[in-house]
Amino acid sequence: MKLSSVYDILFGNTELTLPEGEMKQVAESYEFLKSFVADKVIYGINTGFGPMAQWRVDDSHLKELQYNIIRSHATGAGAPLPDVEIRAAMLARIGTFMQARSGIHPSVIELLQEFVNRGIYPFIPQHGSVGASGDLVQLAHIALCLIGEGKVHYRGEWRPSADVLKAEGLEPMRIYIREGLSVTNGTSVMTGISIVNMYYAERLLRHATLASAWLNEIADSFDDYMSVEENICRRQPGQQVIARWLRQASQGSRHLQKREHELYDPERNRDSYFEHKVQAYYSLRCIPQIYGPVYDTLANAAQVLENELNSACDNPIVDYTTKNIYHGGNFHGDYISLEADKVKIAIVRVAMTAERQLNYLFHDRINGILPPFLNMGVLGLNYGMQACQFTATSTTAECQTLAMPNYVHSIPNNNDNQDIVSMGTNSALLCRRVIDNAYQVMSILFIALAQATDCLGIADKLSPRTREQYDAVRAICPRFVEDTPFYDDIARIEEYLRNNTENYLE
């Protein structure tokens, strides 16, 4: 399963289909497990769970055992996850089951497919996972709804799962051998949240790069900061991509300077002092070097997520090809937790850079070309975007606080059976908070860029791509002279940035 295919299902109109060949292998895995279990002690099939694994469960209670792990672990707390994250979590669970290493009955996958395609979203609270035996608590909430208990979000309403299953003509999940443990055991919730985070983080980076190109047009910067020759000297792949994006965004601009025309021409460089900065501030000219590592971080995290989508992440592993069952810890969430932290830190850097770019636009003594706070009214009487900086700065400060890695926070629990845990779902949730914050800062920056463009009257000199963004912002937030509340404009620009899929840099 490709990450791009998951995006199409989550954010497009693509339905999930199940490949026949892979479903046949799932059936083979189930049939092997059914024939293998007799007269053997196998964790979670005829033993208790976690520290209770030392107790054998009588054969007369094996189905009850599977229901018990679902019901006993549906203990989450807090606000429910949004529908898109639950949808992504179910897709990640299907990805695990399609590896044919779980020994589940194929009907479990088919029921999850129906939940995804029909928009049936189990109630999953945000809090509960330590990310060690995977997302036991949150996945138990999915399993609870699959067996016809709990509640689901369906067509905008919270309804009993049993009622929705009946209305849709769906049979609840049956327990055959180990379906209760298989559904609840794995990294699918942290993976699902991280997939949604990745979708928005990738788009945010493109918006940030385009905003940086636009800012350099406003500053009438020298264009060599994004040149092939400058950036190819540093052998970092992300830097090359960001420099290319900057060139794409700036192509056709009539408000950038050529260093060879202005400073290398002896007929034009006779002054002893240059009003125009010979080198721009770092937040303008170091964008390839700042956003390059962000690009590389996101690219690596995307690969880890795609790997996880196509991995068996429960326990034990039922291997019908070797005719054996293997006990281990594929449910441990360290891979996802560490990448979520890296993405979070990278996006904090994006927010910090955007905040510094805002400061450049607002600070007349720094930029030397714009009125204070882009105020086009009467100085002293009007305030322009002065207070918008408070919001951007405070939001960025929160991001910096949240940048502390969560991956290193482990608290032993479960009678010390889980003596070191990943906290992967917490990492993914904190990463989401940082991405949301960064979009808010970026929204203020886009409004400021449009206002600065009007202060200088250079809209017609912008590149076609930045002019398109200027027009889009102005369609939402018109040019302003008199003081006006900005909160609705910021929210509308944020929605535009999140949902706009056009004009992307490649």
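This is a guided tour of one protein chain, with a residue or element to select at each stop.

**The whole chain**

Start with everything shown. The model is predicted. Its protein chain holds 20 helices and seven strands. Along the principal axes, the C-alpha atoms fill a box of roughly 95 × 45 × 40 Å. The chain has 506 residues, and 54% of them are buried. Now think about contacts between residues at least 6 apart in sequence. Of these, 79% join residues at least 24 apart.

**Stop 1: helix α4 and Glu85**

Select residues 83-97, which form helix α4. Then pick out Glu85 within this helix. Is Glu85 buried or exposed? Glu85 counts as buried because its relative accessible area is 2%, and the cut-off for buried is under 20%. Add Arg432 to the selection. The side chains of Glu85 and Arg432 are joined by a polar contact of 2.9 Å. Next, show what else Glu85 touches. Beyond residues up to four places away in sequence, the list is Gly192, Ile193, Val196 and Arg432.

**Stop 2: helix α6**

Move to residues 136-146, helix α6. How many of its eleven residues are buried? The count is eleven of eleven, and the helix is mostly covered. Colour a few of them: Leu136, Gln138, His141 and Cys145 are among the buried residues. Then step past the end of the helix to Gly148. Gly148 follows α6 and has a positive phi, near 90 degrees.

**Stop 3: the β4-β5 hairpin**

Select residues 151-154 for strand β4 and 157-160 for strand β5. The two strands pair in the antiparallel sense, over four bridges. To see one pairing, pick Val152, whose bridge partner in β5 is Arg159. Two residues lie between the strands of this hairpin. Select Arg155 there: its phi is positive, near 55 degrees. Most residues other than glycine have a negative phi.

**Stop 4: the largest cavity**

The model has two cavities of 30 Å³ or more. Go to the largest cavity, with a volume of about 80 Å³. Which residues line it? Select Ser194, Asn197, Met198, Ala301, Leu305, Ile336, Glu339, Ala340, Val343 and Cys431. Three elements give two or more residues each to this lining: α9 (188-218), α14 (287-309) and α15 (334-362). Colour α15 in its own shade. It gives the most to the lining, with four residues. By class, the lining has seven nonpolar, two polar and one charged residues.

**Stop 5: Leu215 in α9**

Stay on helix α9 and select Leu215. Leu215 has 1% relative accessibility, so it counts as buried. Set a C-alpha distance from Leu215 to Val196. The pair is 19 residues apart in sequence and 29 Å apart in space. Now show the contacts of Leu215, leaving out neighbours within four places in sequence. They are Leu284, Gln357, Tyr360, Leu361 and Leu449.

**Stop 6: three loop residues**

Begin with Pro316, in the loop between α14 and β6 (317-319). What kind of peptide bond joins Asn315 and Pro316? The bond is cis, with omega at about 0 degrees. Most peptide bonds are trans.

Next, select Lys323, in the loop between β6 and β7 (324-326). Its phi is positive, near 60 degrees. Lys323 counts as exposed because its relative accessibility is 52%, and the cut-off for exposed is over 50%.

Then go on to Phe373, in the loop between α16 (364-367) and α17 (386-402). Phe373 also has a positive phi, near 55 degrees. At 23% relative accessibility, Phe373 counts as partly exposed.

**Stop 7: Glu506**

Finish at Glu506, in the segment after α20 (487-499). Is Glu506 buried or exposed? With 53% relative accessibility, Glu506 counts as exposed. Show its contacts, again without neighbours within four places in sequence. Glu506 is in contact with Arg206, Arg244, Trp245 and Gln248. Check Arg244 in the sequence view as well. Glu506 and Arg244 are 262 residues apart in sequence, with 8.3 Å between their C-alpha atoms.

How values were computed. Residues are numbered from 1 along each chain as its sequence is written. This is a predicted model: local features need pLDDT of at least 70, side-chain atom pairs count only at pLDDT 80 or more; totals for chains, interfaces and linings use all residues. Side-chain values use heavy atoms; hydrogens and water are left out. On a 1 Å grid over the protein atoms alone, a cavity is a set of points where a 1.4 Å probe fits but cannot get out, and a pocket is an open set with protein on both sides within 12 Å along at least five of seven lines; lining residues have an atom within 4 Å of a point. Grid points are joined across faces, edges and corners, and a volume is the space filled by probe spheres set on the points. Ala, Val, Leu, Ile, Met, Phe, Trp, Tyr, Cys and Pro count as nonpolar, Asp, Glu, Lys and Arg as charged, and the others, Gly among them, as polar. Two strands pair if DSSP finds at least two bridges between them. Buried means under 20% relative accessible area, exposed over 50%, partly exposed in between (1.4 Å probe, protein chains only). A polar contact is a pair of N or O atoms within 3.5 Å; within protein, one must be able to donate a hydrogen and the other to accept it, and residues adjacent in sequence count only if both atoms are side-chain atoms. Contact means heavy atoms within 4.5 Å.
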